[in-house]
Amino acid sequence: HLLVSQGVFRCAMSVSMAMRTPASKHCSQRSSVVLQGTSSSSSFRRSFRVSAAVGSEAVTTTSSLSSYGMVNAALGQPVTRTPVWLFRQAGRHLPEYMQYKKDSGKNFLQLLDDPKDVAEMTMQPLRRYDIDAAILFSDILVIAQAMGIDVTMPGGVGIQVPNPLSAPEDVLAMEKRGALKPDVSGRLSHVIESVGLIKQTIADENRGVPLIGFSAAPYTLLFYMVGGSSKKNTENGVRWLTEHPTESRVLLAALTDWVVEYCIAQIDAGADMVQVFEAMGEHITPELLEAFAMPCCREIAERIRAARPGVPLLCFARDATYANVALQQAGYDVVTLDCASERRGTREALAADAASRGVEPCSVQGNFDPRLLHRDDVGDGAASLEEIDEAVRQMLEDLGPERLIANLGAGLGGKEDTAKVKQFVDSVHKHSADMIAAK
């Protein structure tokens with residue numbers, strides 16, 4: 001049985017009242033709340049869990065990371081232009097993706113089962129856009145599936161968890177059947193095989209870009225496993241944390257082990273960078289995020305950095321970017337801004353924290369508003385090519401073109417115009433190259 005502590009972390013927050021304009025005219029303004037974390041994640045093992053670390057022996061990775069502009073930007077090294085990739089860059093907005101699904105007769109989850117399908121989906125956006133990285137075509141719930149949680153896609157309603165955990169006894173049942181102990185090589189071998197095939201395909205096509213592996217963060221996994229979703233039952237995650245804190249900690253500790261092992265396996269199969277998605281930040285309070293979610297994120301960073309030093313770690317606490325300073329302190333090389341994040345305020349907060357500890361600030365990622373890329377017939381913020389170009393220039397002015405990975409503040413949703421997406425990518429490269437050359 002996993003042993004856990006009843007101790008709860010304290011969190012201290014400071015509020016920055018910097019009155020910056022939003023990321024774009026379509027993004028709402030909000031004050032920048034900076035969650036101050038601990039600069040070391042070692043306290044997590046003492047106060048959050050008492051269990052043996054499940055991790056691989058530290059080795060030096062063999063990937064030639066410095067040859068990639070994306071990796072250089074993540075590690076704060078010089079670049080000649082700002083690298084760019086897109087959340088959900090493979091998927092519904094691409095006509096070739098929709099055609100592939102139609103021709104194969106497979107739904108999204110079925111595509112994930114076949115490494116050949118995964119490699120093809122991963123490569124499609126690289127063939128259309130001049131993006132600077134591939135990202136593994138996968139889903140945030142594959143770990144939940146590997147632990148025996150039923151995940152379905154009945155059609156028209158998105159991914160469903162039809163039989164979520166409903167009582168604390170369900171966690172004990174998972175432990176008894178061994179589901180809490182990671183078995184990446186057995187239950188997620190198809191994903192790891194996909195990573196290797198993607199790397200080979202990138203080389204065969206001479207794309208010259210790194211591959212980003214990824215995982216959902218533990219709280220996001222717990223949120224879905226207990227029946228939460230982005231549209232309904234959004235209170236389920238917080239309810240579990242508050243009503244069943246001991247079982248929640250047991251589950252989060254196990255999920256942390258799974259995430260670490262899963263990310264390390266992706267790195268060993270060829271992933272050059274790893275992105276952690278804390279996607280349900282909207283559905284947890286800052287206090288509960290610090291008490292339950294942040295200790296997991298800290299340990300993930302600590303253990304991966306120890307096991308695979310030199311591999312850049314990225315994190316996106318969507319709708320909880322007040323935690324970005326704490327994530328920087330945890331050791332992530334890149335933290336992400338969503339659409340509502342204050343650009344200059346975020347840079348200033350990260351710089352102030354880094355200066356107080358005598359270190360360099362981490363890089364940032366984001367945060368172009370994807371609504372600007374909508375097709376004209378969709379409306380809802382759709383912009384012209386000229387307006388997109390100007391919005392990109394403003395983003396680069398606000399964030400600076402270095403120590404930056406240009407991306408969106410939210411994922412592509414299927415309503416985007418591919419010509420506008422291309423304009424965004426090309427504008428990032430053009431304006432950033434000019435800015436860097438002029439320095």
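Threonine 122 is buried, with a relative accessible area of 1%, and the cut-off for that word is under 20%. The model is a predicted one, and the values that follow are computed from it. Threonine 122 belongs to helix α5, which covers residues 115-128. Within this part of the chain, the side chain of threonine 122 comes to 2.8 Å from the backbone oxygen of valine 118.

What does threonine 122 touch beyond its neighbours within four places in sequence? Its contacts there are Ala134, Ile135, Leu136, Phe137 and Ile198. Ile198 falls within the residue range of helix α9, 189-204. Serine 194 is 72 residues from threonine 122 in sequence, yet the two C-alpha atoms are 9.7 Å apart in space.

Several of these residues return in the description of the cavities. Rolling a probe the size of a water molecule over the atoms shows where empty space is left. In this structure there are two cavities of 30 Å³ or more, and the largest holds about 40 Å³ of space. Its lining is made up of Leu112, Val118, Leu136, Phe137, Ser138, Val142, His190, Val191 and Ser194. Val118, whose backbone oxygen the side chain of threonine 122 reaches, is therefore one of the residues lining the largest cavity. Leu136 and Phe137 are in contact with threonine 122 and also line this cavity. Which helix gives the most to the lining of the largest cavity? Helix α9 does, with three residues.

Another part of the chain is arranged around strand β8, residues 363-368. Is this strand mostly covered or mostly open? Strand β8 is mostly covered, and six of its six residues are buried. Strand β7, residues 334-336, runs parallel to β8 and is joined to it by three bridges. Within this pairing, valine 335 has valine 364 of β8 as its bridge partner. Helix α15, residues 343-357, completes a β-α-β unit with β7 and β8, and the unit is right-handed.

Strand β8 also pairs with strand β9, residues 404-408, in the parallel sense and over five bridges. Here glutamine 365 has isoleucine 405 of β9 as its bridge partner. From β8 the chain passes through helix α16, residues 385-399, to reach β9, and this β-α-β crossover is right-handed. Strand β8 thus takes part in two parallel pairings, one with β7 and one with β9.

Methods: Residues numbered from 1 in each chain as written. Predicted model: local features only at pLDDT ≥ 70, side-chain atom pairs only at ≥ 80, totals over all residues. Heavy atoms only, no water. Buried < 20%, exposed > 50% of the residue type's maximum accessible area, 1.4 Å probe, protein only. Helix = DSSP H or I, 4+ residues; strand = E, 2+ residues; numbered from the N terminus. Pairing = 2+ DSSP bridges. Right-handed = clockwise from strand over helix to strand, strands pointing away. Contact = heavy atoms within 4.5 Å. Polar contact = N/O pair within 3.5 Å; in protein donor to acceptor, adjacent residues only side chain to side chain. 1 Å grid on protein atoms, 1.4 Å probe; cavity = no way out; pocket = protein on both sides within 12 Å on 5 of 7 lines; lining within 4 Å. Points joined across faces, edges and corners; volume = space filled by probe spheres on them.
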